[in-house]
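Open the model in a viewer and follow the stops below in order. Each stop says what to select and what is found there.

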Amino acid sequence: MNITICNFKGGVGKSLIAHQLITSFGFDGVEIDPYGSLAERLPDKVIKVDLSQRVLKKFKNTIFDFGGFNDIKIEQAIKQSQLIIIPFNATIETLQSTIDTVNIIKEFDKPILFVANMVQKAEDIEEVNVIIQDVLGFECEIFIMPVSVAYQTAINRNVSILELANAGGLKAFAYKKASANLLELKTIIDTYVYKVVF
């Protein structure tokens with residue numbers, strides 16, 4: 001299974017999701033972001049691809065983590081991916097870059113999972129959902145990642161949120177909710193991939 005994670009907007013949680021999928025579920029990673037630190041954090045699991053490189057080689061069981069811009073290699077990554085994840089911030093003010101991303105990505109006819117990141121209230125998604133579906137022309141699924149310092153703590157410690165949640169003790173309790181959220185995301189990802197394969 002390969003997954004492309006992209007949005008032309010920066011700061012929407014692309015690398016956070018990539019980091020947690022890689023550290024939690026055994027994916028490898030390809031970082032295509034000159035300002036990203038994923039390859040530095042996970043040098044044994046992630047390779048960094050220079051922007052000047054025009055061709056992506058073939059990968060398996062890989063997360064492609066793109067920076068906040070349209071890169072020539074997005075098409076190559078999507079063609080070898082079973083799912084596209086588009087993380088976004090659930091505010092009307094920041095939605096234009098997500099819409100620009102959707103308008104390019106939808107042409108590849110691959111499943112798209114939207115991940116609303118840093119959500120404070122589930123109802124914040126409703127208006128954004130209507131706009132995204134209007135652009136796509138069909139209903140889409142939006143997975144919600146609530147506001148949580150637990151994910152940032154996991155990245156700062158360079159570990160999976162699952163590891164923090166399973167560590168035991170009072171501190172582990174704080175990570176259980178985020179851990180359950182990540183496991184739910186993986187279940188949904190598996191469902192998309194199952195649909196593609198079968």
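The tour goes from the whole chain to single residues.

**Whole chain**

Start with everything selected; this is a predicted model. In cartoon view, the chain shows eight helices and seven strands. Switch to the C-alpha trace: along its principal axes the trace spans about 50 × 40 × 35 Å. The radius of gyration is 16 Å, which agrees with the value near 16 Å for a compact globule of 198 residues. Of contacts between residues at least 6 apart in sequence, 68% join residues at least 24 apart.

**Surface and charges**

Now turn on the surface. The chain exposes about 9900 Å², and carbon and sulfur atoms supply 53% of this area. Buried residues account for 49% of the 198 residues. Colour by charge next: there are 20 positive and 23 negative charges, and the mean positions of the two sets lie 7 Å apart.

**Cysteines**

Select Cys-6 and show its side chain. Cys-6 is buried, at 1% relative accessible area. How far is the sulfur of Cys-6 from the closest cysteine sulfur? The distance is 14 Å, to Cys-140, which is too far for a bond. A disulfide would need the two sulfur atoms within 2.5 Å, and by this rule the count is zero disulfides. Add Cys-140 to the selection: Cys-140 is in no disulfide either, with the sulfur of Cys-6 as its nearest cysteine sulfur. Cys-140 also counts as buried, with a relative accessibility of 15%.

**Pro-43**

Move to the loop between helix H2 (38-41) and strand S3 (46-48), where Pro-43 is found. Is Pro-43 buried or exposed? Pro-43 is exposed, with 58% relative accessible area. Add Gly-29 and draw a line between the C-alpha atoms: the two residues are 14 apart in sequence and 9.6 Å apart in space.

**Ile-161**

The last stop is helix H7 (residues 161-165), which holds Ile-161. Ile-161 has 0% relative accessibility and counts as buried. Which residues are in contact with Ile-161, leaving aside neighbours within four places in sequence? Select Gln-20, Ser-24, Ala-150, Tyr-151, Ala-154, Tyr-175, Ala-178, Ser-179 and Leu-182 to display these contacts. Finally, select Phe-25: 136 residues separate Phe-25 from Ile-161 along the chain, while their C-alpha atoms are 11 Å apart.

How values were computed
Residues numbered from 1 in each chain as written. Predicted model: local features only at pLDDT ≥ 70, side-chain atom pairs only at ≥ 80, totals over all residues. Heavy atoms only, no water. Buried < 20%, exposed > 50% of the residue type's maximum accessible area, 1.4 Å probe, protein only. Helix = DSSP H or I, 4+ residues; strand = E, 2+ residues; numbered from the N terminus. Rg over C-alpha atoms; globule rule 2.2 N^0.38 Å. Contact = heavy atoms within 4.5 Å. Areas by Shrake-Rupley, 256 points an atom, 1.4 Å probe, with all protein chains shown as cover. Lys, Arg positive; Asp, Glu negative; His and termini not counted. Charge placed at Lys NZ, Arg CZ, Asp CG, Glu CD.
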